[in-house]
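The following exercises concern helix packing and the contact between two chains. Please work through each task before reading its solution.

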Amino acid sequence: MNPSRTSTTKFVVRFLILIAFLVLAAWGVHLIKDALNLEIRPGNEAMVHRSIMLGAVAYIGLLALPFVPGAEIGIAMLAAFGPGIAPLIYVATVASMMLAYTIGRFLPIGALERFLNLLHMQRAAALVARAAPLSGDDRLAMLLDGQSKRAVHIGLKYRYIALAIAVNTPGNSIIGGGGGIMMVAGLSGIFSPVLVFLTIAIAVSPVPLAVLFLGLQLQ
Amino acid sequence: MSQILQVAAIAMATVGTGAATMTVMKPEIADLAVPEGDWSAGEILDGQSYFIEGVDLDSGTVLLDELVFRDGTFQSVNCQTYCDFGWSDYQTKLVDDVIHFTATTRCPDAPHTVVWYGTVTEDQMQLAGTWTTRRWYWNHQIRFSAEGSTTPPIDPNVTG
């Protein structure tokens, strides 16, 4: 069989699987929203408040972990509670990304690997172990896995833009998800905290801002 | 700067900027606008109870309540089941034999503010109000209107 035809077929199949997954996820969120009947009344407001606080803490923690699809919690909260929750989701996303970056930057790499192993997060631990012996530039190049040398060079030169794109790229869970990317960015030691903060503050803003100001409906 | 200080600085910057962002992004919701006028401390309605039936203007949920006036203060029996609002001062003004009243009640245990504005003609009451909850991360409001009278309903159970 023609190899290029095989890869095209694989691409189409993966694309269709992704579309099916998105449709099923949207349908699931819709069902959950209906089942919860989330009309906020005086009688349930306190319970809703506690749920939102718990959800936000879980969201920050999970999103900061490599290979954990925490973003879905944020999308689910936006779908369930509507535009009013967008500012909280935005702030929580930035906090989560900065948490992952800070862990990568300041936690000793051996301790981080052991911690992830303790959580039975073998893939995440392997990611950290793979990054450990590399130089800062090479760790960033990990994020651009599979790209040409020229792309890696451009990525290094414009590393903050590369970071923003990597965090926003659909399917980035293959290379660690938002948490994994930020952890490796911290590990690399070539990103300044202030510029990372500004980059992330801009990079994660499109969806919450669209929900808040343009009335994007996630249901 | 030691690593701990750097971590603390990142944490403080994240929390501080987050708080500022929440303040800017969180849409403000105004309480019910009560018409201005010659309001004075309420006493005209003292001793009265009004049984009202209303509706949440956004969801259509039916609201039943009993509003009690005594000693210049006001209480919603229904609201009392959700929070101990207690008795709140009310104000009145008289315009063409129509009594206008307003009251603002605040929950001491949670950030709920309820603003009431109504008119009373003979024993009939027309009412509008807002229940606004202002959490640090969002504001939520229930707008309602209702009408009622001093005549108790046939079903004496007042529910919300």
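Two residues are in contact if their C-beta atoms, placed from the backbone, lie within 7 Å. Helices (H or I, at least four residues) and strands (E, at least two) are DSSP runs, numbered from the N terminus. The model is predicted: local features need pLDDT of at least 70, side-chain atom pairs count only at pLDDT 80 or more, and totals for chains, interfaces and linings use all residues. Residues are numbered from 1 along each chain as its sequence is written, while chains are lettered from A and ligands numbered from 1 in the order in which they are written.

**Exercise 1.** Determine which residues of α9(A) meet α11(A), and classify the angle between the two helices.

*Solution.*
1. On the side of α9(A), the residues are Y160(A), L163(A), A164(A), V167(A) and N168(A); they meet L195(A), T199(A), I202(A) and A203(A) of α11(A).
2. This contact comprises seven nonpolar residues, two polar and no charged (Ala, Val, Leu, Ile, Met, Phe, Trp, Tyr, Cys and Pro count as nonpolar, Asp, Glu, Lys and Arg as charged, and the others, Gly among them, as polar).
3. The axes of α9 (residues 159-168) and α11 (residues 193-203) of chain A come within 10 Å and cross at roughly 40 degrees. Axes are lines fitted to C-alpha atoms, for helices over the stretch in contact, and angles run from 0 to 180 degrees between N-to-C directions.
4. α9(A) is therefore oblique to α11(A). Angles under 35 degrees count as roughly parallel, over 145 as roughly antiparallel, 65 to 115 as roughly perpendicular and the rest as oblique.

**Exercise 2.** Classify the angle between α4(A) and α1(B), and describe their contact.

*Solution.*
1. The axes of α4 (residues 86-106) of chain A and α1 (residues 3-25) of chain B come within 10 Å, crossing at roughly 170 degrees.
2. α4(A) is therefore roughly antiparallel to α1(B).
3. Among the residues of α4(A) in this contact are Y90(A), V94(A), M98(A) and F106(A); those of α1(B) include V7(B), I10(B), T14(B) and M22(B).
4. The contact divides into 11 nonpolar, six polar and no charged residues.

**Exercise 3.** How many residues does each chain bring to the contact between the chains?

*Solution.*
1. Chain A brings 21 residues and chain B 20.
2. On the side of chain A, α2 (45-63), α4 and α11 each supply at least two residues.
3. The largest share of that side, nine residues, comes from α4(A).
4. The side of chain A divides into 15 nonpolar, four polar and two charged residues.
5. As for confidence, the model scores ipTM 0.80 and pTM 0.74.
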